[in-house]
Amino acid sequence: MSLLFCWQTRGMSFTAINPATEEFVAEFEAHSDADVEHALAHAHSAFEAWRGTPISERAHLMIRAAELLESEIPVVAELLTSEMGKTFTAAKGEVAKCAFTMRYYAEHAEAMLRDEDVATSGSRSGIRYDPIGAVLAVMPWNYPLWQFIRVAAPTVMAGNVMVLKHASNVPGCAKFIEDLFTRSGFPKGVVTTLFVSHDQVPRIIADPRIAAVTLTGSDRAGRSVAEAAGQHLKKSVLELGGSDPFIVASSADMDATIPLAVTARLQNNGQSCIASKRFIVVRERAEEFIDRFVSAMAAVPTGDPMDPATVLGPVVSRSQLDELTSQVADAIAKGAVARTGGAPLERRGYYFPATVLTGVPTDSRAGSEELFGPVAVVEVVDDLDAAIAFANATPWGLGGAIHATDQKEVDAAIAGLDVGMVFANSVVASMPELPFGGTKDSGFGRELGEFGVREFTNVKSYYVA
Ligand code: NAP
């Protein structure tokens, strides 16, 4: 069975092109304003029923959706790979993680949302977490299933409904998501996919039937959506970009650090918000790290994302390939050295090789912009204090990693990095148990964990005299 299909187009369309082959995959017709009106009416009436549905029933349906997803992993993974180019292996992992997360919230949301007694002068007082309504989710293409599920599983379990505006280049994934919830038995309107343009988004946010908006994507999109939310006094959560540091400290175990550095940079073909993008190494370990990191990056199997041996597939689009090429060329023109890689591969598909740049000036594009592809910037600094200061000297603050065996060095980074998430001796990751989100231009609000479940609730205090 294949989930790849094509609808007839009328007016604007949403088209997927396979980044590995540059071939057409699927096309979906845009929704008109009348379609949107219809969908919002459904979402609103679904919320009125869903908010009163016992949480045990919500959990039952969430588990059904997880089971369905698990039973279809290879088919769904092929859809992800064909639309945005991640390796089939990574895509299968993404689908399995979604199912795991749905099960996690089916099991844990009730305890996280339980009423809490708070001692006051009253006879009875406390807090309850009430759902707020329909939440608009504006989502990116890089983890087409996970980005939505990580916000939807907790938010739907809390009694809200979701309206999804997905990235326009992954329309098959967008349609699959709505169908998954419908096929699992969720009432119509609990999860709705809309194929809408940027222009329609502010009007959807303004609609009184939309309670809040969450966006995962670039800071440019975040500013636009947050502006519309602010105008209409709607709650917003922004999960934006980053240029995460990967600090190699004096006490790093280099045998363990090198493979983690490669994975941290190349995961998802280099297109992850929490990929490590700046490798900051203390001088005494610099030569060893750079030599071994360059060799490991140069040896990475690159090619067809459907091949199980492939570690690095294509970037998502021709425009993303051109952007990366221009960022790297600008750095080289300003004095940086490409120790491996440095220019697109001459072959069909949007392939950029694993690249390591040293001597990158901070005023070059690669030294000051997010690199959304397989390009690592290595910076050498005197000591750990200088590494933390360099790591913090950016507009972003999403994640950060420290590689050290000395726990004092680990603790210094955990305390000193101005980011939302610090991982030691590990690749920065999202997981259902821990809150996910950033500081500064990486956005605000949290997904996942107890904070994520409560993010779209009315934290209602009550007091009985
Ligand atoms: P993007 O261009 O900002 O797109 C993300 C979503 O926003 C898409 O659905 C896009 O729709 C929509 N959008 C863009 N501009 C908009 C506007 N003016 N009004 C309304 N909607 C708008 O980002 P991307 O290139 O897909 O993703 C890469 C960026 O996302 C990187 O910066 C990455 O770091 C960040 N990211 C962050 C996280 C996180 O959790 N913090 C996770 C993943 C990615 P169209 O597709 O129709 O343009």
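# A first look: salt bridges and a ligand pocket

R223 and D441 form a salt bridge, with their closest N and O atoms 3.7 Å apart. This pair brings together distant parts of the chain, since R223 belongs to helix α8 (residues 219–231) and D441 to the loop between β18 (439–440) and β19 (443–444), 218 residues apart. Please keep in mind that this is a predicted model. In total, the structure holds 26 salt bridges. There is also a ligand, and the ligand sits in the largest pocket.

**Salt bridges**

- On the D441 side of the opening pair, the residue counts as partly exposed, at 28% relative accessibility.
- Another salt bridge joins E72 and R183, whose closest N and O atoms are 2.7 Å apart. Here too distant parts of the chain are linked: E72 is in the loop between α2 (55–71) and α3 (73–84), while R183 is in helix α6 (residues 171–183), and 111 residues separate the two.
- The two partners in that bridge have different surroundings: E72 is buried because its relative accessible area of 12% is under 20%, whereas R183, with a relative accessible area of 41%, is partly exposed.
- R128 and D130 offer a further example, their side chains meeting in a salt bridge at 2.9 Å, N to O.
- Within this pair, R128 is partly exposed at 35% relative accessibility, and D130 is buried with a relative accessible area of 9%.
- Salt bridges can also join up beyond a pair: E37, D207 and R209 are linked in a network of them.

**A closer look at E37**

- In the chain, E37 has its place in helix α1 (residues 33–50).
- E37 counts as partly exposed, with 41% relative accessibility.
- For a sense of scale, E37 and D385 are 55 Å apart in space, C-alpha to C-alpha, and 348 residues apart in sequence.

**The ligand and its surroundings**

- There are 29 residues around the ligand, and those that come nearest are R150, H198, S218, L240 and E370.
- One of these, E370, has a polar side-chain atom 2.7 Å from an oxygen atom of the ligand.
- The protein buries 88% of the 900 Å² that the ligand exposes when taken alone.
- Three elements give two or more residues to the shell around the ligand: α5 (146–157), β8 (210–216) and α8.
- Helix α8 provides the largest share of that shell, with four residues. The same helix α8 also holds R223 of the opening salt bridge.
- K165 makes a contact through its side chain, where an N or O atom is 3.0 Å from an oxygen atom of the ligand.
- S168 uses its backbone instead: a polar backbone atom of S168 is 2.9 Å from an oxygen atom of the ligand.

**A serine inside helix α3**

- S82 is found in helix α3, the helix that follows the loop holding E72.
- S82 counts as buried because its 7% relative accessibility falls under 20%.
- The side chain of S82 reaches the backbone oxygen of L79 at a distance of 2.9 Å.

**Two residues with positive phi**

- As background, most residues other than glycine have a negative phi.
- K440 has a positive phi, near 50°, and is a residue other than glycine.
- The position of K440 is in strand β18, and the residue is partly exposed at 36% relative accessibility. Strand β18 comes just before the loop that contains D441.
- L448 likewise is not a glycine, yet its phi is positive, at about 70°.
- The loop between β19 and α15 (449–455) contains L448.
- With 0% relative accessibility, L448 counts as buried, while K440 counts as partly exposed.

Note on methods:
Residues are numbered from 1 along each chain as its sequence is written. This is a predicted model: local features need pLDDT of at least 70, side-chain atom pairs count only at pLDDT 80 or more; totals for chains, interfaces and linings use all residues. Side-chain values use heavy atoms; hydrogens and water are left out. A salt bridge is a side-chain nitrogen of Lys or Arg within 4 Å of a carboxyl oxygen of Asp or Glu. Buried means under 20% relative accessible area, exposed over 50%, partly exposed in between (1.4 Å probe, protein chains only). A residue is near a molecule or strand if one of its heavy atoms lies within 4 Å of it. A polar contact is a pair of N or O atoms within 3.5 Å; within protein, one must be able to donate a hydrogen and the other to accept it, and residues adjacent in sequence count only if both atoms are side-chain atoms. Accessible areas come from the Shrake-Rupley method with a 1.4 Å probe; for residues, only the protein chains shown count as cover. On a 1 Å grid over the protein atoms alone, a cavity is a set of points where a 1.4 Å probe fits but cannot get out, and a pocket is an open set with protein on both sides within 12 Å along at least five of seven lines; lining residues have an atom within 4 Å of a point. A molecule sits in a cavity or pocket if more than half of its atoms lie within 2 Å of its grid points.
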